[in-house]
Structures are given as C-alpha cells and as structure tokens.
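This briefing goes through the strand pairing, the aromatic pairs and the overall make-up of one protein chain. Please read it alongside the sequence and the coordinates shown here.

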Amino acid sequence: MSLLSHPEPRAVKSGSKTQDDIVYEYIFDAILEQRLAPGTKLSEEALGDIFGVSRTIIRRALLRLSHEQVVSIRPNRGAVVAAPSVEEAKQIFAARRVVELAVIELAVKHATAQSMTRIRAMVHAEQEAFDRGDIGSAIRLSGEFHLELAKMAHNTPLLNFQRSVVSQTSLIIAQYEVAHQAQCSVNEHEGLLLAIESGDPARAVAMMKDHLAHIEGKLNLEAESASTDLHVVFSDVIKKQPPARSS
C-alpha cells in the first residue's frame, strides 16, 4: 500500500506536503495520541512497508522527530520512541512552563476574531472526542490546542519549541500519569480562551500556571517506571559479575 492510499493526517493539504512531511505528521500524531508507547521500536523497514515509501524517506522523518527529542536514534540499533526518565520529565515540564507563559501572554496581545474562532472549534472538537470516548483524539486535540496558542503568539521560535515540549509531554503522560481526567483539560482550555478574550494577560498567565500544575499533578514523578529493557532491569547483575558460561 502506498502512502497516498492512506487517509491524510491532520492539516495535510494536497500537493503542499512532501512524503517526508506526511510520514512525519503521521508519527507525530500517533505520539500525541499516545498510540505509540515510549520505548516502541520504529523499524525503518516496517514503516517503509506501511507507508509505501523508501527507507531514506522514513529515515529523514525519524531524524526530524529526533531533533524534537520525541524519537531516539541509537547507533547500530535503530530508532525508538523516546522514554524520558523522571529527571528528564521534570526538566521538560520546567521548560514547558517557561514557554507556555510566554506564549499565552503573546496570544492575548495578538488574538484576532478569526484565530479565536479557529481555536474554539478545536476545543469543541476535543470535547466531542471526549464525549464519544475517543481518548486518543482528545489527547491529540489537547496538544494541538497548545500549538494553536503558539501560532496565535506570532513567534516562530516559540512555536517550534512548543511543538517539541508538547509532544515530549505526551510521552511523559503516557509513562507516568496515574489518573486520566480529560474533562478537566477541556474545561480549563475554555477558561484560557475566556481569559484571552478578556484582554488581561496577567489573568491568562495565572490560569496557564494552574493548568500546567494540574497536568503535572496527575503524574507520578517520584520514582522510575518499570523498564522493558532487560539490560536496564538486570543492570546490577551485569555490573557485579560476568554471565556464567554454559558447559
């Protein structure tokens, strides 16, 4: 099956995207929707078969995702979906707080009737996804809400950084969340839009601080999660003694 026979991912306009772009967006969306679990091996051969493209195109898409730190490319072992450690998760959230507060302040300044209509439609779609039990789509739309805020801020470097930290946050949630409460996210997104419409940046910044605190508060970042890597699980044994030879 070729790439073109697949349903188009979000925001893909016919003729406006390269094959690299489309593969990248499919994988990026799968990470945002938490359909690709942290640590999942991303075989170039398997992905090439799925999308009907060359391994060179797959490799370029994976390299782009690695630059955003949502994919790890290991020498001679291939690519995997990133699996942030507890310390890395804490650092990512600290970085996200900085960028999100800057984004929301600029969004208040640059918001237009057109941009507010577009982002409110996104929140409504998020609510509809939640109502029908499509949690994957709801999670992706929640992430895209924050990316849309960054677009409203009219600051390209902030948008690029936001894209990376939002997708990394999705991986962290997949690893460490102890309670899923999508409804809270939708309600808080509505509140953020009302704060933007009020034209009060201080109010919007305060609400964003609370929103991010609620997201982080649902995570267990006190201890490392279990690993699927046998070398990690048995690292203490490997360090203490060489493996016994079979007779």
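**Strand pairing and ring contacts in a predicted model**

Strand β2 (residues 71–74) and strand β3 (residues 78–81) run antiparallel and are joined by four bridges. The structure is a predicted model, and the values below are computed from it. Beyond the hairpin, the points below turn to two aromatic pairs and then to the chain as a whole.

**The β2–β3 hairpin**

- Within this pairing, Ser72 has Val80 in β3 as its bridge partner.
- The two strands, β2 and β3, form a hairpin with three residues between them, and in the turn Asn76 has a positive phi of about 65 degrees.

**Aromatic pairs**

- The count of aromatic pairs comes to two; one of them is formed by Tyr24 and Phe28, whose rings are stacked at 5.8 Å centre to centre, with 25 degrees between the planes.
- Both Tyr24 and Phe28 belong to helix α1 (residues 19–32), where they are four residues apart, about one turn of the helix.
- Tyr24 is buried, with a relative accessible area of 1%, and Phe28 is likewise buried, with a relative accessible area of 0%; each value falls under the 20% cut-off for a buried residue.
- The rings of Tyr26 and Phe51 have centres 5.3 Å apart and planes at 45 degrees, so this pair is tilted, an angle that lies between the limits of 30 degrees for stacked and 60 degrees for edge-to-face.
- Because Tyr26 lies in helix α1 and Phe51 in helix α2 (residues 44–51), the pair ties together parts of the chain that are 25 residues apart in sequence.
- Tyr26 and Phe51 are both buried.

**Arginines over the rings**

- Arg64 lies over the face of Tyr24, at 3.6 Å from the ring centre.
- Arg163 lies over the face of Phe28, at 3.9 Å from the ring centre, and so each ring of the stacked pair has an arginine over its face.

**The chain as a whole**

- The chain has eleven helices and three strands, and from the N terminus on its elements run in the order α-β-α-α-β-β-α-α-α-α-α-α-α-α.
- Of the 247 residues in the chain, 44% are buried.
- Of the contacts in the chain between residues at least 6 apart in sequence, 72% join residues that are at least 24 apart.
- The accessible surface of the chain comes to about 13300 Å², and 55% of this surface belongs to carbon and sulfur atoms.

Technical notes
Residues are numbered from 1 along each chain as its sequence is written. This is a predicted model: local features need pLDDT of at least 70, side-chain atom pairs count only at pLDDT 80 or more; totals for chains, interfaces and linings use all residues. Side-chain values use heavy atoms; hydrogens and water are left out. Rings of Phe, Tyr and Trp (its six-membered ring) pair if their centres lie within 6.5 Å; planes under 30 degrees apart count as stacked, over 60 as edge-to-face and the rest as tilted. Buried means under 20% relative accessible area, exposed over 50%, partly exposed in between (1.4 Å probe, protein chains only). A charge sits over a ring if NZ of Lys or CZ of Arg is within 6 Å of the ring centre and within 35 degrees of the ring normal. Two strands pair if DSSP finds at least two bridges between them. Contact means heavy atoms within 4.5 Å. Accessible areas come from the Shrake-Rupley method with a 1.4 Å probe; for residues, only the protein chains shown count as cover.
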